[in-house]
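Here are my notes for anyone opening this one for the first time. Keep the viewer open and follow the points in order.

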Amino acid sequence: MSDNNKKKTNRIPFQTDLDRSRVLTLAGFAVIVLILGWQSDDAYHGYVMVKHLIEGNGFVYNIGERVCATTSPLYTLSAAIPYLITREMFFTTLLLDVLYSLFAYYIFAFQLCRTREQVLTGFIAMVGSKAFMSYTTSGLENSLMYLLAALFLWQYYTRDWFSKKNLLRLAFTFSGIALVRMDLTLMFIPMIVYIFLQRREKASLLSAVGITFAGLSPFIAWELFSLIYFGFPFPNTAYVKIGTGISLLEYVKHGLLYVWYTALDDIVVLLVPAAFVIVTVIIRKPKYLLASAGILLYGLYVVRIGGDFMMGRHFTVMLFVSILSIIMLENRERDYFDTIRKIRYGFGILVISSVVWSFTFGSVIGSQYLYGHKYSSSISDERENYSNTTGFYNNLKSLKDNGRMCVQDTWNNNATDEIRERGSRGDIIENAAGILVYYNSDLYLNDTYCLGDPLMSKLPAVYDPNWRVGHLRRKVPEGYSESVRHDSNEIKDPALHEYYDKIRLITRGEIFAPERIRTIIDMNLGKYDHLVEEYEAGNE
């Protein structure tokens, strides 16, 4: 055996600086994720669907009514198997988030990074972004999106040409991304274009299209299921955001405000994607230019939709994609090694400076990172808002001290207690928050934000000059509350009464009944839109 082979055989694991940096930062990342662990109230709109599914009531938001109230079907369904085992939602899904985030970090550090400096720079950028770390947990789709983005980029950057097998794997990963959140596919579409252009000669355009459709089969299957089971191709939350009456200019202004507040709260999450875009313009390599084009496309989309009410959340995947892309650019483009290394060092200094600024922005050092900030606007740090009752540590402590978790105390039960006292099956209440709905899942609960309401989500929103993304109320039609309480159709307006009959048939009728199938087709082709227009005209 040669000396070289002996050295390889006798090599002690983790003896190099690179190995140690990988292991230590992975451990540090895990600790920080757990310290900052929390659950978003919005996550419970999906959790209640998991709960009903496992308890045998169907994949529904309210028992007896097929409505999809989750924007991330893959993430929501992935929580079903562990919940089936534990029958406990809070810690089960928190652990699921941690695992998704750790696997994503593992791909970054152990599979993509080639130097200790790359590991440390990427680690500092990730933990230096409060938004990124906040959404490593939260029960929203971000953690699973980090993992799928890492898998996609691992395949995308580690080869120059793409075989049929490569195309299938990438299409399958892209399908997963679409199932996690449809609009996030915008970030990856330019890269898909590059993959098609760089396919091997054996893969003709026709065969490549066929392979892509095969890879997209999970997403196509879900869309067919959604159309047949729920009656609509998109989640109910998407319809809530349509028909708001808000102008494009107002959306853009709100989106720019979202960028501004995010910059004040967490400059790192915006700085790193901007740095990557600048680097790709300097290097001018198509593979990386198209990756940065995807980031720009998605960033413009976020501004177009008015941003979000959760500070920085929509920019976290952009940050992660940019970090991995900068690392791979340095690894793969050796002709530009010195240039990229200088840019990365400058980028590292900027990130560290930004983290220091971020930590000292609050009156108490570190409070901004641990607890966040509130601004007098419709955009807020959701982890700060909910950490007292949905934080990992606080719930562990509450369980130890009181024998129950404090997540249940997030909202008072006055509205649900009143419903129970009068013996009603449910009602339209002022605020059907996710956690409140989850812990009262035996009741039918909706509010005028309509995340789980199949009728009011299709009606025009009531304009509020201080509107918040995803939180525009609808006016409750006369007789609709009575309809919910009595499980009937008591709506007074004749046009809307007829429209609600169609909605009830779609969401409550026998799944494969011919009349229901015809109604689903007609509803999605817009044949009943005139009924809503007549109702709207009569109530101006």
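1. Start with helix α12, which covers residues 205-215; its buried residues are A208, I211, T212 and G215. Seen down the axis of α12, these buried residues fall within an arc of 100°, so they line one face of the helix. Keep in mind throughout that this is a predicted model.

2. Now turn α12 around. On its other side, L206 and F213 are exposed. And what do the buried residues of α12 pack against? Look for α10 (164-180), α11 (189-197) and α13 (217-229).

3. Next, go to strand β1, residues 426-429. G426 and I428 point one way from the strand, D427 and I429 point the other way, and all are buried. As a reminder, side chains in a regular strand alternate between the two faces of the sheet.

4. Which way does β1 run relative to its partner β2, parallel or antiparallel? The two strands pair in the parallel sense, over 4 bridges, with β2 taking up residues 444-447. To find your place in the pairing, pick out I429, which stands opposite D447 in β2.

5. I429 also leads to L436, since I429 is on the contact list of that residue. L436 sits in helix α24, residues 434-438. Is L436 buried or exposed? With a relative accessible area of 6%, under the 20% cut-off, L436 is buried.

6. Stay with L436 a little longer. Leaving aside neighbours within four places in sequence, L436 is in contact with W411, N412, N413, T416, I429, N431 and L445. Take T416 from that list: L436 and T416 are 20 residues apart in sequence, and their C-alpha atoms are 8.5 Å apart in space.

7. On to the empty spaces. Rolling a probe the size of a water molecule over the atoms shows where empty space is left. How many cavities of 30 Å³ or more does the structure hold? There are 4.

8. The largest cavity holds about 80 Å³ of space. Its lining is made up of R66, V67, C68, F230, F232, F234, P235, N236, Y239, P454, K458 and T507. By class, that lining divides into 8 nonpolar, 2 polar and 2 charged residues.

9. The second largest cavity has a volume of about 60 Å³. K130, A131, S134, Y135, D265, M311, S380, D381, E382 and R383 line this cavity. Helices α8 (130-134) and α21 (382-390) each supply at least two of the lining residues, and α8 has the largest share, with 3 residues. Here the class split is 3 nonpolar, 2 polar and 5 charged.

10. Last, have a look at the second largest pocket, which has a volume of about 350 Å³. Of its 17 lining residues, those closest to the centre are Y239, I242, K458, Y499 and D529. Two of these names may ring a bell: Y239 and K458 also line the largest cavity.

11. Which elements give two or more residues to the lining of that pocket? They are α27 (514-524) and α28 (529-538), with α28 giving the largest share, 4 residues. By class, the pocket lining has 9 nonpolar, 4 polar and 4 charged residues.

Definitions and conventions: Residues are numbered from 1 along each chain as its sequence is written. This is a predicted model: local features need pLDDT of at least 70, side-chain atom pairs count only at pLDDT 80 or more; totals for chains, interfaces and linings use all residues. Side-chain values use heavy atoms; hydrogens and water are left out. On a 1 Å grid over the protein atoms alone, a cavity is a set of points where a 1.4 Å probe fits but cannot get out, and a pocket is an open set with protein on both sides within 12 Å along at least five of seven lines; lining residues have an atom within 4 Å of a point. Grid points are joined across faces, edges and corners, and a volume is the space filled by probe spheres set on the points. Ala, Val, Leu, Ile, Met, Phe, Trp, Tyr, Cys and Pro count as nonpolar, Asp, Glu, Lys and Arg as charged, and the others, Gly among them, as polar. Buried means under 20% relative accessible area, exposed over 50%, partly exposed in between (1.4 Å probe, protein chains only). Two strands pair if DSSP finds at least two bridges between them. Contact means heavy atoms within 4.5 Å. The arc is that of the directions from the helix axis to the C-beta atoms.
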